[in-house]
Amino acid sequence: MVGFNKVILIGNLTRDPELRYTPSGTPVVNFPLAVNRRYRQGDEPKEEVCYVDIVVFGRQAEHCGQYLNKGDGAIVDGRLQQRRWETDDGQKRSKHEVVAQTVTFLPKKSSSGSSGSGVSEESPYDSEEYYPDPMP
């Protein structure tokens with residue numbers, strides 16, 4: 001059976017990206033992304049946050065390091081990867097992260113609340129009226 005590994009996330013950076021280079025000179029950037037989910041439980045609105053580590057390689061990594069900052073919104077399209085390693089004292093560790101194929105920068109919110117572009121920056125998810133029912 002052939003597998004399918006595709007992840008699309010929309011969220012906000014919780015820290016500034018960390019840009020570094022591999023020994024061969026390939027740029028790589030890491031940043032954590034917070035993805036919020038709003039829903040209703042009965043009449044009570046609820047919200048949960050999922051924090052996901054993102055890894056980006058190549059020229060796109062340099063762009064992320066240059067133009068993204070803590071709090072900025074981004075759309076990440078990539079694949080899930082599990083990294084495994086052993087600590088200095090011999091303990092085995094692992095973690096899941098998303099290796100991004102593309103990162104789309106979302107418009108930055110201006111302090112006046114208007115970007116002048118005529119496009120509303122308010123997400124439909126910010127509305128008090130948007131709380132889809134939780135999945136069964």
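Is Tyr67 buried, partly exposed or exposed? In this predicted model, Tyr67 has a relative accessibility of 44%, so this residue counts as partly exposed. The wider fold gives that value a setting, and the account returns to Tyr67 after a walk through the strands and the core.

The protein holds 1 helix and 6 strands. Read from the N terminus on, its elements follow the order β-β-β-β-α-β-β. Of the 136 residues in the protein, 25% are buried. Contacts between residues at least 6 apart in sequence were also examined, and 58% of these join residues at least 24 apart.

Two hairpins can be followed through the fold. Strand β3 (residues 27-41) and strand β4 (residues 44-57) run antiparallel and are joined by 14 bridges. Within this pairing, Val35 faces Cys50 of β4. There are 2 residues between the two strands of this hairpin, and Gly42 in its turn adopts a positive phi of about 70 degrees. Also to be noted here is a charge over a ring: Arg37 sits over the face of Tyr39, 4.3 Å from the ring centre.

The second hairpin is made by β5 and β6, with 5 residues between the strands; in its turn, Gly90 has a positive phi of about 90 degrees. These strands are antiparallel too, and 13 bridges join them. One of the pairings sets Arg83 against Lys95 in β6.

What, then, links β4 to β6? The two strands pair in the parallel sense, over 2 bridges, with β6 spanning residues 92-105. On the β4 side, Ile54 stands opposite Val98 of β6, and Val55 has Val99 of β6 as its bridge partner.

The nonpolar interior comes next. In soluble globular proteins, nonpolar side chains tend to be buried together. Here the largest nonpolar core contains 18 residues, and those with the most contacts inside it are Leu9, Phe31, Leu33, Ile54, Val56, Val76 and Val103. Two or more residues are given to this core by each of β1 (7-13), β3, β4, α1, β5 (73-86) and β6. The largest share, 4 residues, is supplied by β3. For Val103, the contacts beyond four places in sequence are with Val56, Gln60, Cys64, Leu68, Ala74, Ile75 and Val76.

Charged residues also deserve a look, and two acidic side chains are worth following. Which accessibility class does Glu97 fall into? Glu97, a residue of strand β6, has a relative accessible area of 3% and is therefore buried. The side chain of Glu97 makes a polar contact of 3.0 Å with the side chain of Arg83. Setting aside neighbours within four places in sequence, Glu97 is in contact with Asp53, Val55, Arg79, Leu80, Gln81 and Arg83. Arg83 thus appears twice around this site, as the polar partner of Glu97 and as the bridge partner of Lys95.

The other acidic residue, Asp77, belongs to strand β5. Its relative accessible area is 19%, and Asp77 counts as buried because the class takes in values under 20%. The side chains of Asp77 and Lys6 are joined by a polar contact of 2.7 Å. Not counting residues up to four places away in sequence, Asp77 touches Lys6, Val7, Ile8, Ala100, Gln101 and Thr102.

The account now comes back to Tyr67. The count of aromatic pairs comes to 1. The pair is formed by Tyr67 and Phe105, whose ring centres are 6.5 Å apart and whose planes make an angle of 50 degrees, a tilted arrangement. Why tilted? An angle of 50 degrees is neither under 30 degrees, as stacking would need, nor over 60, as an edge-to-face arrangement would need, so the pair falls into the remaining class. The pair links distant parts of the chain, with Tyr67 in helix α1 (residues 59-67) and Phe105 in strand β6, 38 residues apart. Phe105 has a relative accessible area of 34% and, like Tyr67 at 44%, is partly exposed.

A last stop lies beyond the final strand, where Pro107 is found in the segment after β6. With a relative accessibility of 63%, Pro107 counts as exposed. In sequence, Pro107 and Gly73 are 34 residues apart, while their C-alpha atoms are 7.3 Å apart in space.

Definitions and conventions. Residues numbered from 1 in each chain as written. Predicted model: local features only at pLDDT ≥ 70, side-chain atom pairs only at ≥ 80, totals over all residues. Heavy atoms only, no water. Pairing = 2+ DSSP bridges. Phe/Tyr/Trp six-rings, centres within 6.5 Å; stacked < 30°, edge-to-face > 60°. Buried < 20%, exposed > 50% of the residue type's maximum accessible area, 1.4 Å probe, protein only. Lys NZ or Arg CZ within 6 Å of the ring centre and 35° of its normal. Core = buried A, V, L, I, M, F, W, Y, C linked by side-chain atoms within 4.5 Å. Contact = heavy atoms within 4.5 Å. Polar contact = N/O pair within 3.5 Å; in protein donor to acceptor, adjacent residues only side chain to side chain.
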